[in-house]
Amino acid sequence: MTTQTRHPVHPDFARTMTSAQLREHFLIEDLFRRGEARLVYSHHDRMIVGGVAPVGATVEISHVPQTGTESLLDRREVGIACVQGAGEVRAAGQAHAMADGDMLYVGMGAGPLSFSGEGARFYLVSAPAHRACPTRHIRIEDAAQVALGSTESSNERVIYQFIHPAVVETCQLVMGMTRLGKGSVWNTMPAHLHDRRSEVYFYRDLAEGHRVFHFMGEPQETRHLVVANHQAVIAPSWSIHAGAGTASYSFIWAMAGDNIDYKDVEMVEIGEMK
Ligand SMILES: O=C[C@H](O)[C@@H](O)CC(=O)C(=O)O
Ligand SMILES: [Zn+2]
């Protein structure tokens, strides 16, 4: 297992960055290695972002030195999404058979996590927690749905809220998946900010050779990252987070911070952005 630390970035610094620097701080390119768990510990709301590709072996996540606890979930909760193939996640002595698209919420104190499944890929996001909430396996049909956008504005999409107060109790994690309608390319356009939460996007279902142009930055200082399939982007509280794909895609979003109010956002007018 490897864990990389990413320090918080001030918007004044982000403005001065080259593409390579923006990628180094905000883009997580290399989440999946055969038989490994790869984690990034971001100091933006202390979110841990990870990828697990178990292949033939069982991959365990327990002690993560950066957390200063014996086991990752001692003072944390986690959302785990199966993003390729099918496999099993074990937590607190229970096995959960995960199909592509399923998510698993695991509460504080559940102990080590183990992952298995030839060809499976798991994506996870963890945030600090202060109490134990029950573990729950959530399938797309259990998620709350929000239909947004239209084909005319190239942003028709359905937001599936898997780990959300309407579905499952958590401390601060909110997580789900958005699927775009046929021909729509934009997610979250118009864009928004939420000063009280950081967010991480993970792009999936994007064909090889295609990319998502992900826009970030303060609304009047936008920058972009060119993102491939199965890569993630960290959005600090001061940053918009919106993308347009060169082909169809979906993405998993996850937030943590001061509240779990999905609607606590500040919309940004398209014409106000620079
Ligand atoms: O704060 C909310 C997050 O940015 C995402 O849920 C947005 C999203 O999935 C979309 O609009 O397509
Ligand atoms: Zn957001």
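Which residues is His192 in contact with, leaving aside its neighbours within four places in sequence? In this predicted model, His192 is in contact with Ile240, Val265, Glu266, Met267 and Val268. His192 is placed in strand β17 and counts as partly exposed, because it has 15 C-beta neighbours inside 10 Å, under the 20 required of a buried residue. His194 is found in the loop between β17 and β18. With 20 C-beta neighbours inside 10 Å, His194 reaches that cut-off and therefore counts as buried. Its contacts, again leaving aside neighbours within four places in sequence, are Ser237, Asp264, Val265 and Glu266. Val265 and Glu266 thus appear among the contacts of His192 and also among those of His194.

Both histidines carry an annotation. An unreviewed UniProt entry gives "binding site" for His192, His194, Glu199 and His241. These positions span 50 residues in sequence, yet no two of their C-alpha atoms are more than 11.5 Å apart, so they gather at one spot.

The model also contains a ligand. Ligand 1 is surrounded by Arg157, Ile159, Thr178, Asn187, Thr188, His194, Glu199, His241, Trp253 and Val265. By class, this shell has three nonpolar, five polar and two charged residues. His194, Glu199 and His241 belong to the shell and are also covered by the UniProt annotation. Val265, another residue of the shell, is in contact with His192 and with His194.

Thr188, also part of the shell around ligand 1, is found in the loop between β16 and β17. Thr188 is buried, as 24 other C-beta atoms lie within 10 Å. Its phi is near 45 degrees, a positive value in a residue other than glycine. Most residues other than glycine have a negative phi, and most peptide bonds are trans. The loop between β16 (186-187) and β17 (192-193) also holds Pro190, which is joined to Met189 by a cis peptide bond with omega of about 5 degrees. A positive phi, about 50 degrees, is found at Val55 as well, although Val55 is not a glycine. Val55 lies in strand β5 (residues 55-61) and is partly exposed, with 16 other C-beta atoms within 10 Å.

At the level of the whole chain, the model has two helices and 24 strands. The radius of gyration is 17 Å, close to the 19 Å that the globule rule gives for 274 residues, so the chain is as compact as a globular protein of that length. Along its principal axes the C-alpha trace spans about 50 × 40 × 35 Å. Buried residues make up 45% of the 274 residues. Of the contacts between residues at least 6 apart in sequence, 72% join residues at least 24 apart.

Seven strands form an open sheet in the order β2-β21-β18-β23-β15-β14-β13, with antiparallel pairing. The edges are taken by β2 (27-28) and β13 (144-148); each has a single partner strand, so one side of each is left without a neighbour in the sheet. Within this sheet, strand β18 (residues 197-204) pairs with β23 in the antiparallel sense over eight bridges. Ser198 has Ala256 in β23 as its bridge partner.

Following β23 (250-257), Asp258 lies in the loop that leads to β24 (266-267). Asp258 is partly exposed, with 13 other C-beta atoms within 10 Å. Not counting residues up to four places away in sequence, Asp258 touches Arg196 and Arg197. The C-alpha atoms of Asp258 and Arg196 are separated by 5.3 Å, although these residues are 62 apart along the chain.

Strand β11 (residues 121-128) has two antiparallel pairings to report. Seven of its eight residues are buried, so β11 is largely enclosed by the rest of the structure. Five bridges join β11 to strand β4 (residues 48-53), and the two run antiparallel. In this pairing Val52 stands opposite Phe122 of β11. Strand β6 (residues 76-84) is joined to β11 by eight bridges, also in the antiparallel sense. Here Gly79 has Val125 in β11 as its bridge partner.

Note on methods. Residues are numbered from 1 along each chain as its sequence is written. Chains are lettered from A and ligands numbered from 1 in the order in which they are written. This is a predicted model: local features need pLDDT of at least 70, side-chain atom pairs count only at pLDDT 80 or more; totals for chains, interfaces and linings use all residues. Helices (H or I, at least four residues) and strands (E, at least two) are DSSP runs, numbered from the N terminus. A residue is buried if 20 or more other C-beta atoms lie within 10 Å of its own, exposed if 12 or fewer, and partly exposed in between; C-beta atoms are placed from the backbone. Two residues are in contact if their C-beta atoms, placed from the backbone, lie within 7 Å. A residue is near a molecule or strand if its C-beta atom, placed from the backbone, lies within 6 Å of it. Ala, Val, Leu, Ile, Met, Phe, Trp, Tyr, Cys and Pro count as nonpolar, Asp, Glu, Lys and Arg as charged, and the others, Gly among them, as polar. Two strands pair if DSSP finds at least two bridges between them. The radius of gyration is taken over C-alpha atoms; the globule rule is 2.2 Å times the number of residues to the power 0.38. UniProt positions are given in the numbering used here, feature names are shortened, and annotations may be inferred rather than shown by experiment.
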